[in-house]
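Here is a guided walk through a model with more than one chain. Keep the structure open as you read.

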Amino acid sequence: MNPVATLRNIRANFFGKRDGKAFSKKHASLAYLTVPPFPKELAERYRRALEAHLHRYQARRARLEDKLTQVRHLRQSLERVVGQDEPTPEVFSHMLAFGGRYVLMGLIFGAELVFNKLAADTLGVNQLEAYIIGFIATLIMFWMGHEAGNQFRKGHKVLAGILISVPLLTAVLFALLRSEFTHRMAQIVGAPASSWTLAALIALGVGLVAFTFFLGFKAPHERETLFRRYLMARNREKRLLGRLVFLHRQARRVQDYAIARYREEVAAYWRGFARAWPDWDPAPEFVGALPPLEAPKLPPEPPGPESLDESAKIPA
Amino acid sequence: MKALLLLLTLPFLGGRQEYQILVALGCSAPRALQNQYREMLASEVIPLLASRLQDSSLRLYLAPVTGRSYTAPVRVIETPDALQSNRFQLEAYKTTFKNEVLAAFDALRKRASVECSKGTEIIGALKAAGERARGPGKILVMAHGFEQSELMNLYDYRLGLEKPEVRRKLIERVKAKLGLPNLRGQEVCITGLSAGYDNNANSRLTSSIKAFWEELITASGGKLVAYGFSPRVCPFW
């Protein structure tokens, strides 16, 4: 059976359910008889799309605001601790400096480990034991040297002097051990060892200890670390505020575009309608019925990142 | 990473490294060539191996390639565990190691000369080496590369070894009569290659011999990493 001629389709064409392809089949008088439902359907569709968009916007905004609350809490509690501090240059050092210090510490620790292991070989123990002895010695050397530098920076010079003497003595002793190793090895191999060995090894060991001390000296104070975290939290909060504002404006833009598009589509529909019904003769002022479509109300715009600067300003 | 560990002489990971040295001895190589092999062992192979003693422990097999390689006696030398010994001891052990290896070589050579048998069973020696190996390892073959056994006679210049189908037939013959050696995870390096004093061994023959060995070792699951006269061409030291 021809599906075009089914009763269902004939009825649909007559009552205008399927007016997309078969406009020309209808008589013009039908246009006066029934109000075309399409613009209303379109309005309904757009209303739903806008609601869905509002829903998504609210979800996103809620997520961002949640994050913002956390960050703001962190920032406020940090501000209570270090808010009045004078920022030191240490706080504003290069962004890689923070992790870079740890990398440097690892390198120096490794170098001390090798130095100590090579010295411990002289004790006649096997290499595994030499590693263990070297590791313990390194732990002592590194920790005490680092702490000495830290105490020196804090102004406890006597304590720093006492602390640094331990790794220094260890380094010199291990340099002696290692130079003995070199001489004994030279005997076995049968080639003379350099007479500079001891001096070079002492310089190396003392250099390592000095570097450890320096790293301890450069270690930021706790307040500086907190201050750095405070600044980072502040930046993050600013970024979040900016994103919230952006999100809001974007949502408003999407709504405006949707409404404009809706109007255009309805106008296009009426244009097509007039073309499809050449006998149609509406009143001259009739340009097409536009069912009203209101964009759902957005919540008020959140304060931008500049609000943070204003609130942070110390009142004169 | 490995280079960094070597640089810092940091822990020696992994177990014993296995090296197998198969040398053509007895009636399989002329006396002068055997002397050359001993010279190579003393001046090239042993110093290279000894330089690794500080940070790794080796298991070294010395086996002869003779007319009856598969049943020939073998010497095994195990070096002390590097992590479990002192560095002075290790340094002192280097000379001992050299003497041990050369003594083992001389003993093998003597015995192989006494039990002189015709032919050169390189494939048999490889098969025995594959059965001896406990894991991935390195095999250094110091032989001229001319297999002479029941399986084939590579000296025969009418063999047409440059043709791929001839080589394939030979490998199939090995598979049928002896079975391919199990060289899975083994790196094989053939050195000591020489034309000897043989007028038939021209460059065409030697290059097709190289192709033959490469195909045989690949078919056995191993890898021919180098092929030349001196053991310095081997990349695994």
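The paragraphs below go from confidence to the sheet, then to the helix pairs, and end at the contact between chains.

This is a predicted model. It scores ipTM 0.74 and pTM 0.68. Chain B averages a pLDDT of 87, and 89% of its residues score at least 70. Where pLDDT is low, the predicted coordinates should not be read in detail.

Start with chain B. Its open sheet has 6 strands, in the order E3-E2-E1-E4-E5-E6, and the pairing is mixed. Two strands sit at the edges: strand E3 (75-78) and strand E6 (223-227) of chain B. Each of these pairs on one side only. From one strand to the next, the twist averages 20°.

Now look at one end of that order. Strand E5 (residues 186-191) of chain B runs parallel to E6(B), and 4 bridges join the two. For a specific point to find, take Val188(B): its bridge partner in E6(B) is Leu224(B).

A helix covers part of the sheet. Helix H4 (residues 122-132) of chain B lies across four strands: strand E1 (17-24), strand E2 (58-65), strand E4 (137-142) and E5 of chain B. Against E2(B), H4(B) runs at about 155°.

Chain B also holds a helix pair. Helix H2 (residues 31-50) and helix H3 (residues 87-114) of chain B pack at an angle of about 155°, and their axes are 10 Å apart. An angle over 145 degrees counts as roughly antiparallel, so that is how H2(B) lies to H3(B). The crossing of H2(B) and H3(B) is right-handed. On the H2(B) side, the contact includes Leu41(B), Ala42(B) and Ile46(B). Phe97(B), Val101(B) and Phe105(B) are among the residues they meet in H3(B). By class, the contact of H2(B) with H3(B) divides into 8 nonpolar, 1 polar and 4 charged residues. Among the residues taking part are Arg38(B) in H2(B) and Lys94(B) in H3(B).

Move to chain A. H6(A) and helix H7 (residues 197-218) of chain A pack at an angle of about 150°, with axes 8 Å apart. H6(A) and H7(A) are therefore roughly antiparallel to each other. Their crossing is right-handed. From H6(A), the contact takes in Leu168(A), Val172(A) and Ala175(A), among others. From H7(A), Leu201(A), Gly205(A) and Leu208(A) are among the participants. The residues of the contact of H6(A) with H7(A) divide into 15 nonpolar, 5 polar and 1 charged.

H7(A) has another partner. The axes of H5(A) and H7(A) come within 6 Å and cross at roughly 45°. H5(A) and H7(A) are therefore oblique to each other. The crossing of this pair is right-handed. Among the residues that H5(A) brings are Met141(A), Phe142(A) and Gly145(A). Those of H7(A) include Phe213(A), Phe214(A) and Leu215(A). The contact of H5(A) with H7(A) has 9 nonpolar, 6 polar and 2 charged residues.

Finally, where do the chains touch? Here 11 residues of chain A are in contact with 10 residues of chain B. On the chain A side, helix H5 (127-154) and helix H6 (157-189) are the elements that give two or more residues. H6(A) gives the most, with 4 residues. The residues on this side of chain A divide into 6 nonpolar, 3 polar and 2 charged. H6(A) thus appears twice in this account: it packs with H7(A), and it contributes to the side that touches chain B.

Note on methods. Residues numbered from 1 in each chain as written. Chains lettered and ligands numbered in written order. Predicted model: local features only at pLDDT ≥ 70, side-chain atom pairs only at ≥ 80, totals over all residues. Contact = placed C-beta atoms within 7 Å. Nonpolar A, V, L, I, M, F, W, Y, C, P; charged D, E, K, R; others polar. Pairing = 2+ DSSP bridges. Axes fitted to C-alpha atoms, helices over the stretch in contact; angles between N-to-C directions. Parallel < 35°, antiparallel > 145°, perpendicular 65-115°, else oblique. Left-handed = near helix turned anticlockwise from the far one by under 90°. pLDDT = per-residue confidence, 0-100.
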